[in-house]
Amino acid sequence: MVFDALIIGGGAAGLSCALVLGSGLSKDFAAGKKVGLIAHQRASHLSSARLNNVLGIPSGTAGKDILSSGLEQLERLYPEVEIIQKEKVLKIAFLEGKFEISTNKNSYFSKTVVIATGYARPFTIEGLDQYIIPHKKAKTSKERIQLFNDDHLVRSGLYVAGSLAGHRSQYAIACGSGAAVATDILTLWNGGEHTKVHDKIN
């Protein structure tokens with residue numbers, strides 16, 4: 001199966017990226033683009049969180065509820081985004097003009113890949129070792145990692161989002177990081193014209 005953009009990781013950053021990309025698929029410049037989300041990776045830290053300090057979210061909201069409702073929101077609003085569950089990414093190979101993503105069950109190809117899997121060791125996706133560095137905004141004793149990147153871009157076509165991009169592990173930051181990557185991809189699809197997607201009250 002071939003995608004134009006494939007997101008790996010169903011936590012805050014991955015879901016936010018998928019939602020923003022999904023919202024842009026109705027634009028003329030995105031006609032025919034295929035987006036996928038591999039949601040079953042290592043459990044998100046959000047699954048054990050309780051949120052009290054996030055704008056617009058009722059205090060006391062459980063992170064695990066956001067994870068499940070986020071997938072439901074994606075399915076409901078943007079069903080054209082393919083959600084792949086119960087598969088774990090094992091390897092990414094760099095091919096000419098695209099990537100091969102191998103899971104425990106299938107192989108996928110994509111022109112663009114977004115890694116949004118969290119920053120804990122061990123990091124189990126083969127093929128990315130050369131980009132792993134110590135996390136710059138986490139306690140040294142935690143031995144967290146990030147992928148070397150320039151404003152989320154690891155190399156041409158390969159993005160990283162959330163804490164694995166070097167951001168602090170904070171829900172609002174992860175969401176913003178995922179959304180930022182999505183708008184970069186939309187900008188790429190729009191011929192380099194800076195692009196964002198807003199819904200407005202009529």
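Which residue does the side chain of Lys111 meet in a salt bridge? I started my notebook there, and the partner is Asp4, with 3.6 Å from N to O. I note early on that this is a predicted model.

**Entry 1: salt bridges**

I looked up where the two partners sit. Lys111 belongs to strand S8 (residues 107-115) and Asp4 to strand S1 (residues 2-8), so the bridge links distant parts of the chain, 107 residues apart. I then checked Asp4 for exposure: its relative accessibility is 11%, so I list it as buried.

Next I turned to Glu82 and Lys34, whose side chains form a salt bridge at 3.3 Å, N to O. Glu82 is in strand S5 (residues 82-84), while Lys34 is in the loop between helix H1 (12-24) and strand S2 (35-38), so this pair ties together parts 48 residues apart in sequence. Are these two buried or partly exposed? Glu82 has 25% relative accessibility and counts as partly exposed; Lys34, at 29%, also counts as partly exposed.

I also wrote down the bridge between the side chains of Lys64 and Asp65, at 3.8 Å from N to O. Asp65 has a relative accessible area of 40%, which means that it is partly exposed. With that, my list matches the count for the structure, which is three salt bridges.

**Entry 2: aromatic pairs**

How many aromatic pairs does the count come to? I have three in my notes. One of them joins Phe3 and Tyr108, with 6.1 Å centre to centre and 55° between the planes, and it is tilted. Phe3 is in strand S1 and Tyr108 in strand S8, so the pair ties together parts 105 residues apart in sequence. I looked up exposure for both rings: Phe3 is buried, with a relative accessible area of 1%, and Tyr108 is buried as well, at 5%.

Then I went to Phe94 and Tyr131. Their ring centres are 6.3 Å apart and their planes stand at 80°, so I record the pair as edge-to-face. Phe94 lies in strand S6 (residues 89-95) and Tyr131 in the loop between S8 and strand S9 (132-134), so parts 37 residues apart in sequence are tied together here. Phe94 is partly exposed, at 26% relative accessible area, whereas Tyr131 is buried, at 13%. I also noted that Phe94, Phe99 and Tyr131 make up one aromatic cluster.

**Entry 3: charges over rings**

Which charged residue sits over the ring of Phe94? I found the charged end of Arg155 there, 4.2 Å from the ring centre. In a similar search I found Lys98 over the face of Phe109, at 5.0 Å from the ring centre.

**Entry 4: nonpolar cores**

I looked up the largest nonpolar core and found 38 residues in it; Leu21 and Trp189 have the most contacts inside it. Which elements each supply at least two residues of this core? I wrote down S1, H1, S2, helix H2 (63-77) and helix H3 (171-189).

I followed up on Trp189. Leaving out residues up to four places away in sequence, Trp189 touches Asp4, Ala5, Leu21, Leu25, Phe29, Ala30, Lys33 and Val35. Asp4 is thus a name I meet again, having written it down for its salt bridge with Lys111.

A second, separate core has 23 residues, and Ile8, Tyr108, Phe123 and Tyr131 are among them. As background for this entry, nonpolar side chains tend to be buried together in soluble globular proteins.

**Entry 5: Ser47**

Where is Ser47 found? I located it in the loop between S2 and strand S3 (50-51). Its relative accessibility is 33%, so Ser47 counts as partly exposed. I checked its C-alpha against that of Gly11: the two are 8.6 Å apart in space and 36 residues apart in sequence. Neighbours within four places aside, Ser47 is in contact with Lys64 and Leu67.

**Entry 6: the whole chain**

I closed with the overall values. The secondary structure of the protein chain comes to three helices and twelve strands. The radius of gyration is 16 Å, which agrees with the value near 17 Å that a compact globule of 202 residues would have. Along its principal axes, the C-alpha trace spans about 45 × 45 × 30 Å. I also noted that buried residues make up 49% of the 202 residues. Of the contacts between residues at least 6 apart in sequence, 60% join residues at least 24 apart.

Conventions: Residues numbered from 1 in each chain as written. Predicted model: local features only at pLDDT ≥ 70, side-chain atom pairs only at ≥ 80, totals over all residues. Heavy atoms only, no water. Salt bridge = Lys/Arg side-chain N within 4 Å of Asp/Glu carboxyl O. Helix = DSSP H or I, 4+ residues; strand = E, 2+ residues; numbered from the N terminus. Buried < 20%, exposed > 50% of the residue type's maximum accessible area, 1.4 Å probe, protein only. Phe/Tyr/Trp six-rings, centres within 6.5 Å; stacked < 30°, edge-to-face > 60°. Lys NZ or Arg CZ within 6 Å of the ring centre and 35° of its normal. Core = buried A, V, L, I, M, F, W, Y, C linked by side-chain atoms within 4.5 Å. Contact = heavy atoms within 4.5 Å. Rg over C-alpha atoms; globule rule 2.2 N^0.38 Å.
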